[in-house]
Amino acid sequence: MDKTQEYKTQFGKALRRLRKEYTGKSLRMFSYEYDIPCATLSRIENGQREAQLTTLKRIAEGFGLSFADFIDKIEKAMPAKITLKDE
């Protein structure tokens with residue numbers, strides 16, 4: 001698996017885990033409530049698509065987090081070898 005695909009896969013897994021943990025909502029309900037196409041959210045969670053910034057901001061809002069806090073939570077939920085931010 002190339003590095004880009006691994007990032008997408010691990011990001012998607014972390015997003016799915018956090019969506020369930022933070023909201024308890026199904027993919028369909030979450031996507032409906034935050035105006036994200038269900039197929040788009042599904043593809044992101046399955047590592048088949050990269051998320052656009054506007055979509056990430058909507059997801060962060062759905063979690064009740066600022067964008068920065070959302071990225072921190074996602075990064076902590078991903079394997080240690082993968083980072084989203086440069087330190």
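Biologist: How many salt bridges does a search of the whole structure find?

Modeller: Happy to help! Keep in mind that this is a predicted model. A pair counts when a side-chain nitrogen of Lys or Arg is within 4 Å of a carboxyl oxygen of Asp or Glu. Searching the whole structure on that basis, the number of salt bridges found is three.

Biologist: How many residues apart in sequence are the parts that glutamate 45 and arginine 16 tie together?

Modeller: These two side chains form a salt bridge, with their closest N and O atoms 3.4 Å apart. Glutamate 45 belongs to helix α3 (residues 38-45) and arginine 16 to helix α1 (residues 3-23), so the parts tied together are separated in sequence by 29 residues.

Biologist: Is arginine 19 buried or exposed?

Modeller: Arginine 19 meets glutamate 45 in a salt bridge at 2.6 Å, N to O. Arginine 19 lies in helix α1 and glutamate 45 in helix α3, so this pair ties together parts 26 residues apart in sequence. Buried means under 20% relative accessible area. With a relative accessibility of 5%, arginine 19 counts as buried.

Biologist: Which residue forms a salt bridge with lysine 25?

Modeller: Lysine 25 is partly exposed, at a relative accessible area of 24%. Its partner is partly exposed too, at 38%. The closest N and O atoms of the pair are 2.2 Å apart, and the partner is glutamate 33.

Biologist: Which residues do salt bridges that share partners join into one network?

Modeller: Glutamate 45 forms a salt bridge with arginine 16, and glutamate 45 also meets arginine 19 in one. The residues joined into one network are therefore Arg16, Arg19 and Glu45.

Methods. Residues numbered from 1 in each chain as written. Predicted model: local features only at pLDDT ≥ 70, side-chain atom pairs only at ≥ 80, totals over all residues. Heavy atoms only, no water. Helix = DSSP H or I, 4+ residues; strand = E, 2+ residues; numbered from the N terminus. Buried < 20%, exposed > 50% of the residue type's maximum accessible area, 1.4 Å probe, protein only.
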